[in-house]
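Please read the points below with the structure open beside you, taking them in order and finding each place before moving on.

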Amino acid sequence: MTKTKADQTKPATKGGRPERASPKAGLTADEMGLQQREISVSEFFTKNRHLLGFDNPRKALLTTVKEAVDNAMDACEEAGILPEIVVKVEPIGEGPTPPAASLATRFRVTVIDYGPGIVRQQVPRIFAKLLYGSKFHRLRMSRGQQGIGISAAGMYGQLTTGKPVKIISRTSDKTPAHYFEVQIDTKKNEPIVLEKKEIEWENHRGTQVTIELEGRYQKGRASVDEYLELTSIANPHAKITYVAPEGEPKVYERTINELPEPPRAIKPHPHGIELGMLLKMLQDTKSHWLSGFLVSDFSRVSTALADQICKTAGLSPRMRPRAVSGQAAEALHKAIQATKIMAPPTNCLSPIGEKAILSGLYKQIKGSFYTAATRPPDVYRGNPFVIEAGLAYGLDPEQARQAAQPQAPRAEGESDGSDDNELTRVIRFANRVPLLYQQSACAVFKAVLETNWKNYGVSQSRGAPPAGPMVIFVHMASVWVPFTSESKEAIADYDEIRKEIMLALRECGRRLGIYLKRRERAALEHRRRNIFELYIDEVVAACKRLKDGKVSEEKLKNQLLEIAKKRTGGEKTDELLDQKSGPEGLPNSIIVTEEGVEGEVAAVAPSKPAPSPVEQPQQTGAAEPQEEEKQKIKPKKTRSSKKMKAVSKRRKPAHKKPGKRGKK
Amino acid sequence: MASKKNSGNVEKKLVGLADAVIEAAQKKKDPTIEIPVRSLSNVKFNEKKGIIEMGENTQERSFFNVAMAKKFMQTILVGDALAELQRAELTTSLREIYYRTKHTIADSNENTFDSQDESDPIIEDLEVGLAALREELHVRAENGGTVIGPLVLEDDGDRVDCSKLGKGGYSVPSIVEDPYVKIKKCSADFILLVEKGTQWNRMAEDKFWKKYNCVLLTGNGQPPRGVRRLTRRLHEEKRLPVYVLVDNDPWGYYIYSVVKQGSINLAFESQRMAIPAAKFIGLSSADPERYGLPRNVGIKLNDKDTTRAKELLNYPWFASKKWQVEIKRMLTSGLKYELDALANKDFQYLTKKYLPKKLQDKDWID
């Protein structure tokens, strides 16, 4: 961001120079000097709010919710607390009764978490100072990266409604809760505290932030609703309650009761360092020797390796780092790039994990087949990253039953309606945050297009995503996700990243292909039996007419049915069919059939009565039917979990088979 | 099929289908219908008889086989519909059979037939399988040809004098078997079967048939069954020679060969359709030179023509030296000629010069 500031000042100086020849039209250097002053970042963003995702009222509402939720999730996870978040979006009007959500132009967004809270002194700066935060200066995976988000949202609210950001925070039940109203001084980029007091708060711990802003609420693609739904898919360890502007509050239950492995901060990897950065690091280091600098300021550099780098660069390992400049620095940079260095440590990453992705997809998306694959870590520009992909395919048994219902008799030339050209939906995530805009600019979408889905039995037109009832999930976890813009909407298309995405997609596609083939085979067997039963009536009726009624219809039918049963192997086939459809040989997959669920499904966590600050008179009513649903599902799950054990035993050796993995 | 040898009426044969199913069901066996294979691989040229005959290969169509179950069911349904026609003494078209047998199967959204393409081959299967002609099955095609000449027929009890039908002639029905169409009288000396309506009209207008005392027939392209069968009956019953006049191109040659030896598709009906003694009167590849047709009324052979002509060269029924010369001459010239090209010399060249000379010179190929 500092760069942007510099860019802004430079043109002013340059612009003055050629004008000097004609004093009448231009200004003197002194005059210009008077005009030249520092530009506050806050001022800069006031003018360029689109860079941060506040281009239009609809997007502004989404961005505000997104920034607050991301912050809350990061805080909870860092403190080792399972996130539980309440999001409330209320329309605000002039009068006492709020207008309809679709007509309202002003909204109050409240996000509450039961996380660690914020120490009193930091509250104003976190919420009302841009580029203030804990995340920019470290190389560690987190949702937020720069410390702009929530304060920018507050500033946008302040700009459009004049209302301050209201914060309640409490760090433990032993300390009181604090209430703040803050605004940002857009010139100085400093917080202005309008009000500050201790209050009574029903929550033992946590943070509540309220921002009033101009916005528009609309459902559908790239809406607050979609954002929260996707967030819940990628964060099955979080419980999210969404009080939408209209309708019942929606609860996204927690399905995984473990926090993701906490990511660790790492030092930069030598291969990801540019020359300018290297020069800066050489100046800033506390080491006295060059070799010591290399070892202590970078990851994956041993003393021996440092010596080797120095040797390649033709520099003494005992040189003072500060003395390395100019050509020497360039030689050092080249030497670093030329040296083979172990890939950066990957404990700084916290992938969602196959189990959790499956659970998230299974919870939110209806389908008959789910699978997920997490790739081993890789590196782009010295930044480690992990790609994960998942798939949800098909119709769930209920939808399938409906689709199979006989409709009106078909006329000539009419198809059976099974080949409608619905395109696959691609859902993208970076560090567990859903990406909702600029799909076609994103490396993920490009990788989906480039993958040949026809190989896996899914139809696909040239230059289009695959067709069919399918959702493709792709997650990139990295210490630094390369976005194409500041508003974090699309992942930049690095070769290494795209390659990894494609490998992950292929793995999922391969499993889908196996599943589809298996299902086709089962369907064929099923059809075999059905076909005969279906046609027997026709044949019997025609025979009766041919014989002029002189046939015992019942007798002939039974005789034929008996032959049919004998021919198709009777009950033995039934058993065989059942076995074949299991997820055997398909790691990290779930198959949903009419009989139940096969594969590992994380159970919905028992929802504990959480202290909620939001008055939700209807919510209890809404929660109950869900409880009932769970009860209904349970017997199925117990059945499947038995199966699952048997399956997982079988699954392990299958997993290790090198041949299985290598086949791509 | 049990009733295959049974020469009883068609209805009995159709009921035999149901009997086969019932019998198999009682024996706990898979009901099966045997159907002769109708493809080039199962066709033989009988040089002695001079006709194309169907081979011995048959295929089994059984009910309890996933790939055949639907076809089996469809076959029984079509059989039922055909029996219904027999009982009601009606004739109908292929398309009406399709509509008659089409319905949605109970408890499903599957239709018994989705298009006529599915029911047509089954009717042909039954024709072959039951050794019953399509006419005998009471299935007719569109009337596709016309006849004119000194010929008296009786159609449904109506007397039709083909010499008193003006320039239009009598439209040949698709079923010309004895009970439906009776040949009452025929005083002609020969039969002339023309490929195209244009030339037939010319000859009708010029009263060519009166002058040369012949029966003029056309099938407007490949002659339909009715025309072929009527020609065969006149040839057989009245001992009349048959001459075929077609365009000079591979398709013309093939039309002639179908009249003469029968077609690959309907090989099973050659016995009753083919006229091995039919003669090819023109247009021969030798005619342009002999009759002085200018090169500019020829049409360049396209790739399809050339390929087809080369195929004809390999058919055993075109193996005679005369035919090899005839076809190769066309290929060498690289040109084909339509009958219409004769008009280049004179509108009545065909009736006034060409045919009289041909007949006089006995200039034809066997």
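1. In this predicted model, the contact between helix α16(A) and helix α1(B) is formed on the first side by L556(A), Q559(A), L560(A) and I563(A), which meet I22(B), A25(B) and Q26(B) on the other. Sorted by class, this contact of α16(A) with α1(B) holds five nonpolar and two polar residues, while no charged residue takes part.

2. Two packed helices are described by the angle between their axes and by the distance between those axes. Here the axes of α16 (residues 553-567) of chain A and α1 (residues 10-26) of chain B come within 9 Å and cross at roughly 60°. Because of that angle, α16(A) counts as oblique to α1(B), and the crossing in which α16(A) passes α1(B) is left-handed.

3. Turning to a sheet in chain B, one finds three strands in the order β9-β8-β11, which form an open sheet with antiparallel pairing. The strands β9 (158-161) and β11 (181-186) of chain B stand at the edges and have a single partner strand each, so one side of each is left without a neighbour in the sheet. On average, and with direction ignored, neighbouring strands of this sheet are turned by 20° against each other.

4. Strands of a sheet pair through backbone hydrogen bonds, either parallel or antiparallel. How many bridges join β8 (residues 151-155) of chain B to β9(B)? The two strands pair in the antiparallel sense over four bridges, and E154(B) stands opposite R159(B) of β9(B).

Notes. Residues numbered from 1 in each chain as written. Chains lettered and ligands numbered in written order. Predicted model: local features only at pLDDT ≥ 70, side-chain atom pairs only at ≥ 80, totals over all residues. Axes fitted to C-alpha atoms, helices over the stretch in contact; angles between N-to-C directions. Parallel < 35°, antiparallel > 145°, perpendicular 65-115°, else oblique. Left-handed = near helix turned anticlockwise from the far one by under 90°. Contact = placed C-beta atoms within 7 Å. Nonpolar A, V, L, I, M, F, W, Y, C, P; charged D, E, K, R; others polar. Pairing = 2+ DSSP bridges.
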